[in-house]
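Biologist: Before we discuss this protein, please put the model on the screen, and then let us go through the terms one at a time and see what each of them rests on.

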Amino acid sequence: MSDLSLYRNIGIFAHVDAGKTTTTERILKLTGKIHRTGEVHDGAATTDFMEQERERGITIQSAATTCFWKGHRFNIIDTPGHVDFTVEVYRSLKVLDGGIGVFCGSGGVEPQSETNWRYANESEVARLIFVNKLDRLGADFYRVVEQIRDVLGATPLVMTLPIGREDSFRGVVDLLTLQAYVWDESGDPENYRIEEIPADMAEEVKRYRQILVETAVEQDDDLMMAYMEDEEISIEDLKRCIRKGTISLSFFPTYCGSAFKNKGIQPLLDGVVDFLPDPTEVAPQELIDEQGNPTGAFARVSPDEPLRALAFKIMDDRFGALTFLRLYSGRLEKGMTVLNSATGKTERIGRMVEMHANERNELTSAQAGDIVAVIGLKNVKTGHTLCDPAHPCTLESMVFPEPVIAVAVRPKDKGASEKMGNALGKLVAEDPSFQVETDEETGETLLKGMGELHLDIKVDILRRTYGVELEVGKPQVAYRETITRTVQDSYTHKKQTGGAGQFGKIDYRISPGEPGSGFTFTSTVVGGNVPKEFWPAIQKGFEGMMAEGPLAGYPMQDVHVELFDGAYHAVDSSAIAFELAARGAFRQSMPKAGPQLLEPIMKVDVYTPEENVGDVIGDLNRRRGMIKSQESQPIGVRVRAEVPLAEMFGYIGHLRTLTSGRGQFSMEFSHYAPCPANVAEQVIAEARARRRAS
């Protein structure tokens, strides 16, 4: 298929348990991709193909599939909802042209909905909204629409209205065609009738239809004038305006239904065709230079341009490493040689497949706009650009969050040690938010991730998929260190041996950097006292020491070093001498700069029944939490707080005890903040004890 106007690359994203995967299953059933619908609660969903996903009823990794609706090709990615796997949503949105945000009819705009919506805004992805689960107790379509407006700051453009509420929900009114679609109770999505709009909804339909038309015609001055003069606006003109407004992110067409009961999915699919952009209608990806700066050139979406593709996901399975590629321009063919601009090496395209969850269809070629997987690429990582060797280029890469939690693991027997190393290498390649380190002092292997569930899943995959039995330690917090005051100092590295010696003298200031700046370095040396060719070595020396702070050996952040003077020797000075001088300077000056321990603070959202609010808030206060807000909702009370990660281990069990099993919570990293003195003393003492023991 070569007509790019018939392509739709879309993602489905939402808060955990809002019904994303169920919605995907219904789309696959309706488009004829599958013949039997799999249910999440039965562990049979097509896109949840990992054992861990089927057991827990959650999506862990994004799954890609392709299907067709009314002559249009949909490349669909079903993403996870749990906050520990947010990186999957982020990298999926990065390569998609449109999305469907699914919201629970009773839960409304939940914490992870906000995070995903923010990612979609940053990636400038056009979206439809689907308010799901309208058959549930407490479901209220109109309340969710207001929440989208108030909480997300978005403009929902209501396209369908629900007929009936909760268990009497039976269909939708299409505000464009002014027809009512009513489904029977057979559960077959094809079993619906088109009826007259129910009489008791006439006023409501009239009001929302007027809002729809007025919002749409704002996209076209001529139509706006015609509407002001009471001319009838055709459905085709309205669709054209809605498409324009959707692609420009002016508003978001909003649909309603119940995916589980197979009601309301067809209008949503028509909305994808009518309103979401094809690959040519999205702003082209800008190319960057080696330093990551924009070049002003773009990857124009066309099969006739040179090849430019972004590797956005690596997945290991029984057939070998699969690299998922989004082709932005050009063609990719079997047997072709491509350049990896990140490594400077070429790779040969062997087998190329179109994915349907974990099944695959062999391909011989793909073109701009396609999402495909290539088997057997050796040195490609997430975020790398593959391009035509005759036209080297780099697409904007992906930035992933730093892990905030770690566990120490060791294999139960010596035979498992090598297996563990190989398996961890594959897991790190698949998931950029998962990191592995070896503690050189204790010899322990540290697994680092985004939350307890994230690491729990990784350990489970190691055990079941790779057969590595592990002993797992207690979760550890990823503390950081920083400094609180400016120090001006001088350091001379001098070493005389038989031949040429080593000499490097540096005068410098170390000061607290901007929050989130990491490490920054500037030089204001004048007069050639320290020649320019040695500045990078000095920067490298300081930066290389940032991995271990003076208090407890945790990585340092937000430090600025200014080199303002120094001296060199015509014979004895070298890059290595100045690098060693910088390392010595770091050790000398950091303890004088008011070092301070920082701890990760988490954004915590707790849902609790009303009668348990006092207990939940009291418990969060005892955990050094700061309560930010509380809101009454139909299903209870939502409490938002900021709590140190160190106090949140095992919280779910405690919350269930407090709320008789009815409470829920989600948590994501917010920022680093200074540790209270008593906590810092204890953490530092434990870190030093570990060092002595090793």
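Biologist: What makes you say that helix 11 lies across strand 24, strand 26 and strand 27?

Modeller: Helix 11, residues 452-464, lies across these three strands and runs at about 130 degrees to strand 26, where axes are lines fitted to C-alpha atoms, for helices over the stretch in contact, and angles run from 0 to 180 degrees between N-to-C directions. Contact means heavy atoms within 4.5 Å, while helices (H or I, at least four residues) and strands (E, at least two) are DSSP runs numbered from the N terminus. This is a predicted model, in which local features need pLDDT of at least 70 and side-chain atom pairs count only at pLDDT 80 or more, whereas totals for chains, interfaces and linings use all residues. Residues are numbered from 1 along each chain as its sequence is written, and side-chain values use heavy atoms, with hydrogens and water left out.

Biologist: How do you know that strand 24 and strand 26 are joined?

Modeller: Two strands pair if DSSP finds at least two bridges between them, and five bridges join strand 24 (residues 405-411) to strand 26 (residues 445-449), which run antiparallel. Within this pairing, Ala406 stands opposite Lys448 in strand 26.

Biologist: Why is one side of strand 25 and of strand 27 left without a neighbour in the sheet?

Modeller: Four strands form an open sheet in the order 25-26-24-27, with antiparallel pairing. Strand 25 (435-438) and strand 27 (470-477) stand at its edges with a single partner strand each, so one side of each has no neighbour in the sheet. From one strand to the next, the twist averages 25 degrees.

Biologist: Why is Arg656 called partly exposed?

Modeller: Buried means under 20% relative accessible area, exposed over 50%, and partly exposed in between, with a 1.4 Å probe and protein chains only. Arg656 has a relative accessibility of 46%, and therefore counts as partly exposed. The residue is found in helix 15 (residues 651-658), and its C-alpha atom is separated by 9.6 Å from that of Thr608, 48 residues apart along the chain.

Biologist: What makes helix 9 mostly covered?

Modeller: Nine of the eleven residues of helix 9 (residues 265-275) are buried, including Ile265, Leu268, Val272 and Phe275. Over the protein, 55% of the 694 residues count as buried.

Biologist: Which residues touch the most other members of the largest nonpolar core?

Modeller: Leu161 and Ile242 do so, in a core of 72 residues. A nonpolar core is a set of buried Ala, Val, Leu, Ile, Met, Phe, Trp, Tyr and Cys residues joined through side-chain atoms within 4.5 Å.
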